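Got the viewer open? Let's take a walk through this one, stop by stop, and see what turns up at each selection.

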Amino acid sequence: MNRVPSLLLAFVLSMAAATVQPETRVMAFPAEPAGEPDPQASLRTAAANVPDTSFEDYDFQTEQQLLALANQSRQQAGAPPLTIDSGLSQAARIHAQAMREARQLSHQFDGEPSLPDRLAATTQLQLEQEGENVALDYDAEHGHEHLMLSAPHRRNLLNPAYNVVGLGVVRSGDRLYIVQDFGSALPKYSPAEVKQYVAAAVNEARRQARQPNLHRRDWLGADDAACSMAQADKLGTSSTLKLAESFNVLSYTSLHPQTLPARAARVVAGRSLRSYFIGACYGRTETYPTGVYWVVLSLE
């Protein structure tokens, strides 16, 4: 019996989902505004923290072949290679198993979390963007070929912003359910490093405005105020509003603490300002499932 050509079974779906973008609006303006860390901080992967999920029928060899083929195509396109992440692979395998059980391709089944939530549940990476390809095929070579022939799937595979990937391949007879979960992983900073970056950004804003540097003060309550926002998953908490009774308070979320929000930069350049203190907290919330930095900048 002749086997059905694999092209007829190469049903593919594609998703390129950006995470919820950090809020850059300023929450409180009660009055008219009266040494940087190492930029090469390494990415923290989930390999040491998240145990691998074992499936009886998952195909590790095909996963490795798909990774090699993807990186070969990315090299030819001038994109940086993808690094495998065990946490993302765990999420991909769970979803590949769900597709096999449902006998259909989908990015989200009824009752299944969204892609950002699925990835956040298995990896400690801080992701700025996520994307997903799913496919049904006979082997790695045909699976990769058919994905590359589809424009949206090729965009995911060759997206230069992606630097990590999770691969899940589950066998069903002579067919393979394939899941590729892509991510753009950012360096993860401690609160102290975040505050150093924010301080450097404040100094740069002052320099560009041709204003003298402000005196930076330390106050532990600022971190508590920032963490209150992370716990509440919103900017305007009672702690930050109380601060605003005495200071010019800028509260915002950020994935890139090296850069101030545009409105914040204008306020920081105020001529009447003399000093400031910073509060910072990292938190994963319903709005930001893979995490974001919550920042409080108080000026006086």
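Start with the whole chain: of its 300 residues, 53% count as buried, where buried means under 20% relative accessible area, exposed over 50% and partly exposed in between (1.4 Å probe, protein chains only). This is a predicted model, where local features need pLDDT of at least 70 and side-chain atom pairs count only at pLDDT 80 or more, while totals for chains, interfaces and linings use all residues. Residues are numbered from 1 along each chain as its sequence is written, and side-chain values use heavy atoms, leaving out hydrogens and water.

Switch to cartoon view and you can hunt for 9 helices and 9 strands; helices (H or I, at least four residues) and strands (E, at least two) are DSSP runs, numbered from the N terminus.

**Stop one: β7**

Select residues 248–254, which form strand β7. All 7 of its 7 residues are buried, so the strand is largely enclosed by the rest of the structure. Which way do the side chains go? Asn248, Leu250, Tyr252 and Ser254 point one way, and Val249, Ser251 and Thr253 the other. In a regular strand the side chains alternate between the two faces of the sheet.

Now add β9, residues 292–299: β7 pairs with β9 in the antiparallel sense over 7 bridges (two strands pair if DSSP finds at least two bridges between them). Click on Tyr252 and look opposite for Val295 in β9.

**Stop two: Thr285**

Next, pick Thr285, in the loop between β8 (275–283) and β9. Is Thr285 buried or exposed? Thr285 is buried, with a relative accessible area of 11%. Its side chain makes a polar contact of 2.8 Å with the side chain of Asp233. For a polar contact, look for a pair of N or O atoms within 3.5 Å; within protein, one must be able to donate a hydrogen and the other to accept it, and residues adjacent in sequence count only if both atoms are side-chain atoms. Also, a polar atom of the Thr285 side chain lies 3.3 Å from the backbone nitrogen of Thr287.

**Stop three: the largest nonpolar core**

A nonpolar core is a set of buried Ala, Val, Leu, Ile, Met, Phe, Trp, Tyr and Cys residues joined through side-chain atoms within 4.5 Å. The largest one has 23 residues, and Val202 and Leu297 are among those with the most contacts inside it. Helix α6 gives the largest share, 7 residues.
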